[in-house]
Amino acid sequence: MSQQEIWFVTGSQHLYGEETLRQVAVNSRKIVEALNNAAKISLKIVCMETVTTSDEIFEVCKAANNEDKCIGIITWMHTFSPSKMWINGLKILTKPILHLHTQANRDIPWETMNMDFMNLNQAAHGDREHGFIYTRMGIGRKVVVGYYEDTIVQEKIGRWARVALAAATAKELKVVRFGDNMREVAVTEGDKVEAQIKFGWSINSYGVGDLVARINEVTDEQINSLMEEYEQKYNFAPECDKGTELYEHVREQAKMEIALEQFLTEGKFQAFTNTFEDLYGMKQLPGLATQRLMEKGFGYGGEGDWKTAALTRTMKIIADNKATSFMEDYTYHFNPENKMVLGAHMLEVCPTIANEKPRIEVHPLGIGGKEAPARLVFDGKAGEAVCASLIDMGGRMRLIIAQVEAVEVPHKLPQLPVARTTWKLKPSLEIGAQAWILAGGAHHTVFSHEVTVEDLVDWAEIMDIEYVIINESTDILRLKQDLRTNELIWKLR
Ligand code: MN
């Protein structure tokens, strides 16, 4: 990531003379310096030469396409830059665009302002000319408005840069599918060819036997050293603490974690999926092992769900691997005082969303017919969050994004042996869930406290896929109409 960069391209023209252009260049460098010093922006921004002609614009767009390190460009019209000059360049540009609508000056210098100042600082209309050509050409881009030193402007740029990073790395995203989909399940299926064409994701299956062979090669020394890490990072429940019989079950998960990580790293895979229906030769369903790999930043989806595995990885990149997990809507609390969703999975919830030090526990699993697997158990934390689901509509992908409010798990759950988190849907459980079901959203989601609805909209627009938002302003009749209109729009494209 340290090698990736965003190019900052300032547009102008030769109408105002060399002195003005010199000042434009100075101001552009000053803005880029401020953005690079901003705490909210983690990617490097590189100031390019001011572009003033059709040829220069074409050249910088061509160079951006060819430079792997460049994952997006920011454009800003300090003065007026006639947009017909931009057409040839924008026609070939393949990188995501952020149009920054800012000014070198924050305030109008009331006392000293003259026509020279007016000619130098024309973004208010120069950027309108610039915006028109994107719209006229049908080019998607993010528009950020405001003074470049404002924290909120810098945060928006920083967030977009991480989305651009996730988009740039999509073509390198390789997903391992151990075994096939869970039998008879529809929503986790999908067109892997379409996914590769649309996102660049490469999804391929491997026999679980290939993994079992790796598991059998793991040494006791490797397991011992990983167990030391477990002991530092997590609490052990008494039933599986050192010296107990079930401690061996925890060691088995350590063994699987080592083998899985080796398999993924060697194959340059960043996400995986497996299924409890295909564990031939394995002693347990990977629980703790999968949670640990998600904690390290790998994507995961259960029961063969490669779309959610890839989306988990994508959202972990946007989130810098903070507070983002594979999730499943499990059960509801319909109490009128306090309606909420309880989310969990059979085992695999990422500890990055934990509200407490996770505890290793061992319990039998009702399905799969294997020995009792070790898993991390914890409550999720409270706060703003999103649930996102990617579904295959047949011919197109749809991303469903719900804005939710995670709440502290309101009760102890002494009999529930899995990690869980609770949240409230917007605008209400009834409307939120109704909208989700009408939109076809899956039971599997990616749940994140870090990624926002706006991030996911930006990502969907860069990827050119359909998206549906469920939030405080969701109205069911309007949503139904939108879904019908979307059918038509996406068929016409
Ligand atoms: Mn599931």
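The following exercises, each with a worked solution, concern a predicted model.

Residues are numbered from 1 along each chain as its sequence is written, and side-chain values use heavy atoms, with hydrogens and water left out. In this predicted model, local features need pLDDT of at least 70 and side-chain atom pairs count only at pLDDT 80 or more, whereas totals for chains, interfaces and linings use all residues.

**Exercise 1. The metal site**

Identify the residues that coordinate the manganese ion, and state whether E303, E328 and H345 are buried or exposed.

Solution.
- Step 1. Donors are N, O and S atoms within 2.8 Å of the metal (3.2 Å for Na, K and Ca); since water is not among the atoms, sites may look incomplete.
- Step 2. The manganese ion is coordinated by E303 (OE), E328 (OE), H345 (NE2) and H444 (NE2), at 2.1 to 2.2 Å. The spacing of these donor residues in sequence is E-x24-E-x16-H-x98-H.
- Step 3. Helices (H or I, at least four residues) and strands (E, at least two) are DSSP runs, numbered from the N terminus. E328 belongs to strand β11 (residues 324–333) and H345 to the loop between β12 (340–344) and β13 (359–362), so the pair ties together parts that are 17 residues apart in sequence.
- Step 4. Buried means under 20% relative accessible area, exposed over 50%, and partly exposed in between (1.4 Å probe, protein chains only). E328 is buried because its relative accessible area is 13%. H345, at 2%, is buried as well, and E303 is buried at 9%.

**Exercise 2. Backbone exceptions**

Locate E303, E184 and P427, and state what is notable in the backbone of each.

Solution.
- Step 1. Most residues other than glycine have a negative phi, and most peptide bonds are trans.
- Step 2. E303, in the loop between β10 and α12, has a positive phi of about 55° although it is not a glycine.
- Step 3. E184, in the loop between β6 and α7 (192–199), has a positive phi of about 70° and is not a glycine either. E184 is exposed because its relative accessible area is 81%.
- Step 4. P427 lies in the loop between β17 (420–425) and α13 (429–439). A cis peptide bond joins K426 to P427, with omega about -5°.

**Exercise 3. The open sheet**

Describe the open sheet of 4 strands and the helix that packs on the sheet.

Solution.
- Step 1. Two strands pair if DSSP finds at least two bridges between them. The strand order is β7-β6-β9-β10, with parallel pairing.
- Step 2. β7 (202–206) and β10 (299–302) are the edge strands, each pairing on one side only.
- Step 3. β9 (residues 271–274) pairs with β10 over 4 bridges, and T273 stands opposite G301 in β10.
- Step 4. Helix α12 (residues 306–318) packs on the sheet, touching β6 (174–178), β7, β9 and β10. Contact means heavy atoms within 4.5 Å. The direction of α12 makes about 155° with that of β10; axes are lines fitted to C-alpha atoms, for helices over the stretch in contact, and angles run from 0 to 180 degrees between N-to-C directions.

**Exercise 4. The nonpolar cores**

Describe the largest nonpolar core and the second, separate core.

Solution.
- Step 1. A nonpolar core is a set of buried Ala, Val, Leu, Ile, Met, Phe, Trp, Tyr and Cys residues joined through side-chain atoms within 4.5 Å.
- Step 2. The largest core has 75 residues, and those with the most contacts inside it are Y230, V250, I360, W423 and F447. Helix α10 (residues 247–266) gives the most to this core, with 9 residues.
- Step 3. The second core, of 61 residues, includes L35, L98, L100 and A167.
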